[in-house]
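Subject: The model, and some notes to read beside it

Hello,

Here is the structure I promised to pass on to you. Have a look at it first, and then my notes below should be easy to follow.

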Amino acid sequence: MIASRDRLAPFWFWNHKLEPAELEFQLREMQEQGMGGVYIHARHGLLVPYLGPEWMGCVRHALDTAKALGLEVWLYDDCNWPSGTCNNRVIEENPDHRMSFLHLATSFDVKGPMRISQDVELSDGLIWALAVPLNRERRSVNCKKMVDITSSVREGRLCWQAPAGHWRVLVLARTFYRGYFGGGYVDTLNKAAIQRFIELTHVTYSEMFAPYIGSVIKGFFTDEPACNYSLDSFSLADSGLLGALPWTPTLPQEFESEHHYPLKDCLPALFYDAGPRTAKIRCDFYSTILRLYKNAFFRQIRDFCRQHDLLSVGHVNAEGELFYQVFQQMDFFAVTDEMDYAGYDHLFNQTWSEDTRLDNLVGLKFASSAGHLLGKDRVLSEAFGVADGWRLNFKTLKRLFDWQIALGANYFVPHAYYYSIEGFRKWEATPSQSHHSPLWNHYRVFADYAARMCQRFSGGRHAADVAVLYPVKSMWAAINPNQTETALQIEADFDTLSRCLLRLHRDFDYISEEILQAAQVADGQLVVGEPGQRPFEKFKALILPRCIVLERKTVDQIKAFVESGGRLVMTGALPQVLREKGQAPKLSAEFESLLEAGARFIDLTEAASNSHACQLVDQALSGIERDLSIQDADGVEIDEIVGYHYVKGDEDIYLLVNTSLDTVYDALVRLSASGVIYTWDAETDTYSLVEALGEGRTTVIREQLHPGESRVYLVVPETRYGAMPLSRKAFHGQERVIQLDGPFHFIPAEPNVLPLTIWTFDWKVESDADGFRTQVGTYEHEFIVKGPIENMGMIVDGLDPAWLRGDGRQQAYILVNDHRVADFQRGKYLDQEALFASLQAFVQEGANRIQIIFSGFLAELQSLRQPVYLIGDFIVKEDRLEPYNREMTLPDGVWTRHGYPYYSGPGLLQMICEIPDDLPVFQEALLKFTGVGDMVEVSVNNQYVGALLWEPFTIDVTSHLRLGQNTLQFVVTNSLYNMLEVKAMDAGLTGDVLLVLR
């Protein structure tokens, strides 16, 4: 039995007007397709006032329906993102609750004595103006002799007599953040601001729905908070505010109370080198920001949730990009510790993330490491957002899912199930994994697979030999506050090291200094936690990825680890700075002595390639036996196959995932465990015994993995899951391969579609009898029809029905061959809010004209904003539409090449296959598809065999074939990509179909 908490629970985008019957329908759809819960998420396009009476009524109806269906409900804590403003109410009520920055608005050097009189940038208010002496080389500043010249700034002009010497003038202003959707964001360092957010959101929900709390309602999801959005995670100089630090009005008092010296006296060190104490000052500053951020935002939300028997889950912004992560979150482990699940946002269709703007490897590893080492059983992934747009299929879903399981995720929030895809909504962080998709009817297969995997990889512990120190304080010291060369190199080493370890099958966790300091050191291992409890992790090696700054306790723990026989590897540079003191000349000597004691040093900047970098890392870890090895015939680790080892009770569970898009790998797999070996098929929940060789305590298995394919091994002490051997029949003699080239009889399940994207436009002004002017805009499209076409209709998407009704000053009407189309139906095709009209009575043979006319009286003229779709039983030729022939035969299985370029949906491809009477008796018959766009269901001689959603697209048809004539039926379903993105991507059977007889 799979519990609801193990099942997928998607974001449910409430993004239109909401109707109780539709909400109930969609919840039933999700429950039927294997969801365990939903996250109610107000989103762009919402036409119901957020948190208003109608909204709350819909939430109540959803809660009642979910309760009846056995679904969990989670509440997304804001409207759109990032969380914290209650749809901007917090900052509208109190503008001083907006996020702001301590912005270095003006900085220039002068040589005194001289009189300065010049305008300076003050942004949203002057905080300080400071003059700080420069050293002789003018490379550093001297904070001890700094002069406060704030009083010399009046009405935006600085008038100051500079004394003799070289000076750097800093004008520091408060600048409010003006990004995101409401023109700002909340001050996440301000307890009062976040308390108001909690009152408006969490308290309101909890009071309104008290009977559901802790039962149906499980908790709140918070999304992408940050303490410093002055640089976003996508760009540096383009839209970012260079030279900005987090700010809140109480910061000077908070800083001085914590560190016992005034913030103002050290401010230049946050922007410029100030000598040996620079790193300490920067670490002091960011530690204060971290404390305020953690206490104001995360802890207040956590405390409220715990008081009300609710969970606080979600994820922060920029988890995977080390500089941006530290810049916006200060310390990933510290803020994640305040949440009930570790969380991460897995965006885009990418895995290894090399040379991409977001790092899906590092970010996910941060979340799983925090989960492992902070004792959180759930590592949440907000998964599949903008992953291939409307092209997303099951093959991609499974590949991305398996990748995340292999990196430690075990609870998934798919992004997203859209309430509506009408109009512009379909382009907001696409795609929708919902009833709108032709693939939706088969989603249960994926949902059940995912649930079984999450259940299997929960409740135990991760097994890895390597810990990588989180260089957060080195990054604090490196930023100024921008991305310096030192910061770039810290991040580059960290990223390269992470990829190399994963490619070398040296699994790892990131570890914070605080967790490292509390670990036990024994027999050459770092042990976090206690056996049988959570957390519990053991590491044989510790890697310092260009850690320049360390705390004294960390240094002492590292020395104890090396002395006990543990392997220490340092990359790039030896530590040089003690967090408590600043520059420490003797610190490097301490680490040099560790090198003499057996620690190792590598410089990844010397690597000429990724493979060379991996060689350096591999050599540094030589002598430590691999927990898992996946090698090719030449004994080389197959770097595209990712491995994961999980221990649950007395079971060792190993997961292998082939991340390649095109390579089949034959692998020799060595597991560091011995016993009875099973493979477990999570799609069918079946077990098979595996033949394996024993090499002492190591088990050796020969395995083949197709692109995107995964394999789960269970190593148990005794026979536990039956004695059925893995079906690998040994065949003697010749194998016969019959290529099934067609032709195929083609029957589409839905009408064909033609998106109309090219229109002529005419604009004019009309006058009524009284002389009032009305704008009129006419969109016109012509198409040619040859022969009678049945079921001819039109989908108008993104058009407000009120315009067609003529309810206001903005009106629209549609003419087809000068006949007005008036009978529109909602929800017959595409979306419940899209409009459909039959054109059967209006379309004629030959030329046809569609006109969509908008008028605006005392109002803006509306426009055609989305393609209009013609649908019907037609074939699309180059310049015309022709009738679909029920006996239509295709020379191959790709319907996009034969009149259905934009068709999205199921299509039946049927053919006759002859099995010669003189063929020797075969033991096994397999159908193999080398290309499917996007999934295929197989029937043989009118008997259903099964559905193939992902690699390998192979199915056993032995019991269904017969000698002589056989009827093969393939129902292929593609995604909405062709229709919505108007791309004629090959759909159907896009590769060879092979019948393999053995």
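Let me begin with a pair of helices. The axes of helix H13 (residues 485-503) and helix H17 (residues 610-620) come within 9 Å and cross at roughly 75 degrees. An angle from 65 to 115 degrees counts as roughly perpendicular, and H13 and H17 are therefore roughly perpendicular to each other. On the H13 side, the contact is made by Thr-496, Leu-497, Cys-500, Leu-501 and Arg-503. H17 brings Asn-610, Ala-613, Cys-614 and Val-617 to it. Sorted by class, the residues where H13 meets H17 are 6 nonpolar, 2 polar and 1 charged. Please keep in mind throughout that this is a predicted model.

Now to the sheets, of which I picked two.

The first to look at is an open sheet of 6 strands, in the order S11-S9-S3-S2-S1-S15, and its pairing is parallel. Strand S11 (311-315) and strand S15 (417-418) stand at the edges; each has a single partner strand, so one side of each is left without a neighbour in the sheet. At the S15 end, strand S1 (residues 11-14) pairs with S15 in the parallel sense over 2 bridges. If you want a residue to click on there, Trp-12 stands opposite Tyr-417 in S15.

Two helices can be placed against these strands. Helix H2 (residues 53-69) lies across S1, strand S2 (37-42), strand S3 (72-79) and strand S9 (217-223), and runs at about 145 degrees to S1. Helix H6 (residues 278-307) lies across S9 and S11, running at about 145 degrees to S11. S9 is thus touched on by both descriptions, with H2 and with H6.

The other sheet is open too, with 3 strands in the order S19-S20-S21 and antiparallel pairing. Here strand S19 (520-522) and strand S21 (536-539) are at the edges, each with a single partner strand, so one side of each has no neighbour in the sheet. Neighbouring strands of this sheet are turned against each other by 20 degrees on average, direction ignored. Strand S20 (residues 525-529) and S21 pair in the antiparallel sense over 4 bridges, and the bridge partner of Val-528 in S21 is Glu-537. Helix H15 (residues 552-563) packs on this sheet and touches S19, S20 and S21, its direction making about 20 degrees with that of S19.

As a reminder of what holds such arrangements together, strands of a sheet pair through backbone hydrogen bonds, either parallel or antiparallel.

You may well ask about cysteines. How many disulfides does a search of the whole structure find? The search finds 0. Cys-227, for one, is in no disulfide, and the nearest cysteine sulfur, that of Cys-283, is 15 Å away. A disulfide needs the two sulfur atoms within 2.5 Å. Is Cys-227 buried or exposed? Cys-227 has a relative accessible area of 2%, and under 20% means buried, so Cys-227 counts as buried. Cys-159, in contrast, is partly exposed, with a relative accessible area of 31%.

There are also a few backbone details to check on your screen.

Two peptide bonds are cis. One runs from Trp-81 to Pro-82, with omega near -5 degrees, and Pro-82 is found in the loop between S3 and helix H3 (89-93). Another cis peptide bond joins Gly-933 and Asp-934, where omega is about 15 degrees. Asp-934 sits in the loop between strand S54 (932-933) and strand S55 (935-940).

Positive phi values turn up in residues other than glycine as well. Ser-123 has phi near 50 degrees and is found in the loop between strand S4 (100-119) and strand S5 (126-133). At 32% relative accessibility, Ser-123 counts as partly exposed. For Met-330, phi is near 70 degrees, and its place is in the loop between helix H7 (322-329) and helix H8 (332-336). Met-330 counts as buried, at 0% relative accessibility.

One last loop: Lys-828 lies between strand S45 (825-826) and strand S46 (835-838). Lys-828 is partly exposed, at 45% relative accessibility. Lys-828 and Ile-795 are 33 residues apart in sequence and 9.0 Å apart in space, C-alpha to C-alpha.

Happy browsing, and best wishes!

Note on methods
Residues numbered from 1 in each chain as written. Predicted model: local features only at pLDDT ≥ 70, side-chain atom pairs only at ≥ 80, totals over all residues. Heavy atoms only, no water. Pairing = 2+ DSSP bridges. Contact = heavy atoms within 4.5 Å. Axes fitted to C-alpha atoms, helices over the stretch in contact; angles between N-to-C directions. Parallel < 35°, antiparallel > 145°, perpendicular 65-115°, else oblique. Nonpolar A, V, L, I, M, F, W, Y, C, P; charged D, E, K, R; others polar. Buried < 20%, exposed > 50% of the residue type's maximum accessible area, 1.4 Å probe, protein only.
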